[in-house]
Amino acid sequence: MLFNIINTTITKPTIDALGYSLDLYSPDNYLIKKDAIVNIPSGISLNIPEGYIAMLLPSGKLAFNYSCSCPATFIPSGYKKEITISLIQPSMEELYIDKHQKIAQVIFLPALNLNRNYGQI
């Protein structure tokens, strides 16, 4: 299983239609004011395989339609705490996030362990 549910009231994450990302949904209603950042608890923790990292990205709709973004978030294997989704609204308008709306996606990428492969620098 790729994730553990921490908050049982959330919409369960889904795998996207092409099978490349894990879609995450808002656990509640939020208002993101212009030029503001909102931290949204995902209600899940991830089980990232050894040798991989997870990268958190905004949903395509939020990014394309509203210019909403996430700061670069890389999550290493072994991280077991709840994932928090930080959304930034840089536009001049407020953004309403509805409960159960898709807000982010997680992709899993292979990662090279520099200590194991190159030793101490």
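This is a short tour of one sheet and two loop residues in a predicted model.

**Stop 1: the sheet.** Select strands β2, β3, β11, β7 and β8. Together they form an open sheet of five strands. Read across it in the order β2-β3-β11-β7-β8. The pairing is antiparallel.

**Stop 2: the edges.** Now pick out residues 14-15, which are β2, and residues 73-76, which are β8. These are the edge strands of the sheet. Each of them pairs on one side only.

**Stop 3: β7 against β8.** Stay at the β8 edge and add residues 52-58, strand β7. How many bridges join β7 to β8? There are four, and the two strands run antiparallel. Show I53 next. Opposite I53 stands P76 in β8.

**Stop 4: the loop before β8.** Select α1, residues 60-66, and then the loop between α1 and β8. S67 is in that loop. Check its backbone: phi of S67 is positive, about 60°, although S67 is not a glycine. Most residues other than glycine have a negative phi. Is S67 buried or exposed? Neither: S67 is partly exposed, with a relative accessible area of 43%.

**Stop 5: the loop between β4 and β5.** Move to β4 (30-32) and β5 (36-41). The loop between these strands holds D35. Here too the backbone deserves a look. D35 is a residue other than glycine, yet its phi is positive, near 60°. Turn on the surface for D35. Its relative accessible area is 59%, so D35 counts as exposed; the cut-off for that class is over 50%.

Methods. Residues numbered from 1 in each chain as written. Predicted model: local features only at pLDDT ≥ 70, side-chain atom pairs only at ≥ 80, totals over all residues. Heavy atoms only, no water. Pairing = 2+ DSSP bridges. Buried < 20%, exposed > 50% of the residue type's maximum accessible area, 1.4 Å probe, protein only.
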